[in-house]
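Here's a quick briefing to read with the model open in your viewer. Have the sequence handy too, and hop between the topics as you like.

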Amino acid sequence: MMNYDQFLSKKALDLKPSGIRKFFDVASKLDNVISLGVGEPDFTTPWTIRDETIASLEDGYTSYTANPGLLELREEISRYMKRKFNLSYDPESEIIVTIGASQSLDLAFRAILNPGDEVLIIEPAFVSYAALVTMAGGKPIPVPTYGENDFKVTVGQIEAAVTERTKAILLCSPNNPTGSFLNKDDLKAIAWIVQKHNLLVVSDEIYAELTYDDEYTSIAAIPGMYERTIVINGFSKAFAMTGWRLGFACAPKPLLQVMLKIHQYTTMCAPHMLQRGAIEALRNGEEQVEEMKNSYRRRRNYIVHALNEIGLPCHMPGGAFYVFPSIQHTGLTSEEFAEKLLMKERVAVVPGNAFGESGEGYIRCSYATSLEQLQEAVKRIGRFLQSLGLRTSQKKTAVGNI
Amino acid sequence: MKLTEQEMELLAVLEENHRQSAETIAMQMQISPEQVNAMIKKLEEAKIIVSYPALIDWSKVDGREQVVAVIDVKVTPKRGVGFDEVAEKIYRYPEVRSVYLMSGTYDLSVTVEGKSMKDISRFVAKKLSTIDSVVSTTTHFMLKKYKHDGVIIEGKDDKDRRMVISP
């Protein structure tokens, strides 16, 4: 038997396997599962976008495009960033179209990190962040946040984590997995400390459109922050285009051009025909984005209320399509809870610790599934809590005071 | 009538599915079930919510297959009442499912349902064309319903193709 370890990269071997993976293997083999474990919209891509893409194939748009993507698309992205976030990026030199927002993140870290540079990652966080930083030669530094503070990071927490090796801070608002949302004041406080310590911000804004209560502010729009921010966004969540793998990054020219250099050697460009569809999304997709958003907002309201009612305490998240209820009172770990719930009641959720240690004691429930499914899931979770002897009351509480 | 944002949202919820309890709707809108019921009552009284019909595909029910025709009707409008009087005459027939006033080459679009083609031709010959102001009729028989009132009757399986768990 050959020892492959001798051939493999030490860094790659040492990466932690995704905590979601092993759960997926179990859940996907069971029948009659209601899944609240899905990190993507339950809508298919709006027809007009699909139609435009089919037409682009018929018209023969099958070649490479320019490395940063079609200029026409970058111009649309530029207008979109101005319209939505009041940010001005030059389509010629400050925007790049990538394979999902994931590739933008990868490019950002590879462009800015030298070996040993530290990146602060606000946890609970999306599963890829730490691995991307590590693979780019950096050192991920987790900054845990807590439910008592709506999983928002404080200036004091950042201050405590900053060292002279700190290069950047990675933000994700609205957040996967907590749904937590940073408002303008939160961002101003973070901007202050970023400037004080001369850091960069990598801002993952993939859920920006799915913000339900307040207006969205990009940290790049805070005075003095455009210069220090790499904004990452994409089509996956807002336009229900996850499988297309189409994202983009916007940054000041000196940063973006280095990202572009890496992009041209590794990827060349994003698929041509899909970029044509993305142009259509930005030109004519807004109304449908709004409809989907309204639908998520109503489901969010429902699930938060229903989970609190059956005794799973959960705060009202400002965005994305996740709720992150606490299961601490059950005495089970996140993984035990998720596993028992799956085996007993066939409801799949993701254990919170998959998103970092501070996610322990919580579970992530995606409400991007039909209301009927959500209602059934709530029923099953309620029954599960009862079987643990925990469901305190079934009586209806007054609506509106959560 | 100018509606509040909440009333607009309620209409959107009901239009998608009106068979939800007031409690479920209340939870989605973050108001009380009593408020939901009061709003519904108000919208019903204002005839903004007109009715709650079920969309039934009768073609699947043995013995209840129906013949549907869409009839283009040209009429001479009457002084004072315009098209309203003749439209009313037509919509009073129970076999008439819908009547619309149209722009273009004809005036009224009338949908009629019957058990057979004979039924419908009898209706056109004996009832519709004998109305005074009706000038002419063109009858189109419907062969298949694909989509009705925004609902796809029998489309491709729009099943959930997502993985059970994803990050």
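Starting at the N terminus, chain B runs through its elements in the order α-α-α-β-α-β-β-α-β-β-β, which gives five helices and six strands. Bear in mind that this is a predicted model. Chain A brings 13 helices and 12 strands. The bullets below go through overall form, salt bridges, surface patches and backbone oddities.

**Overall form**

- Chain B doesn't follow the globule rule: a compact globule of its 167 residues would come out with a radius of gyration near 15 Å, but the chain has 21 Å.
- Along the principal axes, the C-alpha atoms of chain B fill a box of roughly 65 × 40 × 30 Å.
- As for burial, 32% of the 167 residues of chain B count as buried.
- Chain A is where the rule works: for 402 residues a compact globule would have a radius of gyration near 21 Å, and chain A has 21 Å, so the two agree.
- The box for the C-alpha atoms of chain A, again along the principal axes, is roughly 60 × 60 × 50 Å.
- Of the 402 residues in chain A, 56% count as buried.

**Salt bridges**

- Over all chains, the count comes to 30 salt bridges.
- In chain B, the side chains of E7(B) and K42(B) pair up at 2.6 Å, N to O. E7(B) sits in helix α1 (residues 5-16) and K42(B) in helix α3 (residues 33-45) of chain B, so this pair ties together parts that are 35 residues apart in sequence.
- The two partners differ in cover: E7(B) is at 4% relative accessibility and therefore counts as buried, while K42(B), with a relative accessible area of 37%, is partly exposed.
- Also in chain B, R162(B) and D160(B) form a salt bridge through their side chains at 2.9 Å, N to O. R162(B) has a relative accessible area of 17%, so it is buried.
- Over in chain A, E76(A) and R283(A) make a side-chain salt bridge at 2.8 Å, N to O. This one links distant parts of the chain, with E76(A) in helix α4 (residues 71-85) and R283(A) in helix α10 (residues 272-284) of chain A, 207 residues apart.
- Which end of that bridge is buried? E76(A) is, because its relative accessible area is 6%; R283(A) is partly exposed at 42%.
- That pair doesn't stand alone, either: E72(A), E76(A), R79(A), R276(A) and R283(A) are linked in a network of salt bridges.

**Surface patches on chain A**

- D51(A), E52(A), E58(A) and D59(A) gather on the surface as a patch of negative charge.
- One member of that patch, E58(A), belongs to helix α3 (residues 47-58) of chain A. E58(A) has 66% relative accessibility, so it counts as exposed.
- There's a nonpolar patch too, of about 540 Å², made by M2(A), Y4(A), F7(A), L8(A) and L13(A).
- M2(A) is found in the segment before α1 (10-14) of chain A, and with a relative accessible area of 44% it is partly exposed.

**Backbone oddities in chain A**

- Some context first: most residues other than glycine have a negative phi, and most peptide bonds are trans.
- The E123(A) to P124(A) peptide bond is cis, and its omega is near 0°. P124(A) is placed in the loop between β3 (118-123) and α6 (129-135) of chain A.
- S173(A) and P174(A) are likewise joined by a cis peptide bond, with omega about -10°. Look for P174(A) in the loop between β5 (166-172) and α8 (184-196) of chain A.
- M268(A) isn't a glycine, yet its phi is positive, near 70°. You'll find M268(A) in the loop between α9 (253-266) and α10 of chain A, and at 33% relative accessibility it counts as partly exposed.
- R346(A) is another non-glycine with a positive phi, of about 55°. R346(A) lies in the loop between α12 (334-345) and β10 (347-348) of chain A. How much of R346(A) is accessible? The relative accessibility is 25%, so R346(A) counts as partly exposed.

Key:
Residues are numbered from 1 along each chain as its sequence is written. Chains are lettered from A and ligands numbered from 1 in the order in which they are written. This is a predicted model: local features need pLDDT of at least 70, side-chain atom pairs count only at pLDDT 80 or more; totals for chains, interfaces and linings use all residues. Side-chain values use heavy atoms; hydrogens and water are left out. Patches are made of residues with over 30% relative accessible area and no salt bridge: like charges are joined within 9 Å, nonpolar side chains (Val, Leu, Ile, Met, Phe, Trp, Tyr) within 5 Å. Accessible areas come from the Shrake-Rupley method with a 1.4 Å probe; for residues, only the protein chains shown count as cover. A salt bridge is a side-chain nitrogen of Lys or Arg within 4 Å of a carboxyl oxygen of Asp or Glu. Lys and Arg count as positive and Asp and Glu as negative; His and the chain ends are not counted. The place of a charge is taken as NZ of Lys, CZ of Arg, CG of Asp or CD of Glu. Helices (H or I, at least four residues) and strands (E, at least two) are DSSP runs, numbered from the N terminus. Buried means under 20% relative accessible area, exposed over 50%, partly exposed in between (1.4 Å probe, protein chains only). The radius of gyration is taken over C-alpha atoms; the globule rule is 2.2 Å times the number of residues to the power 0.38.
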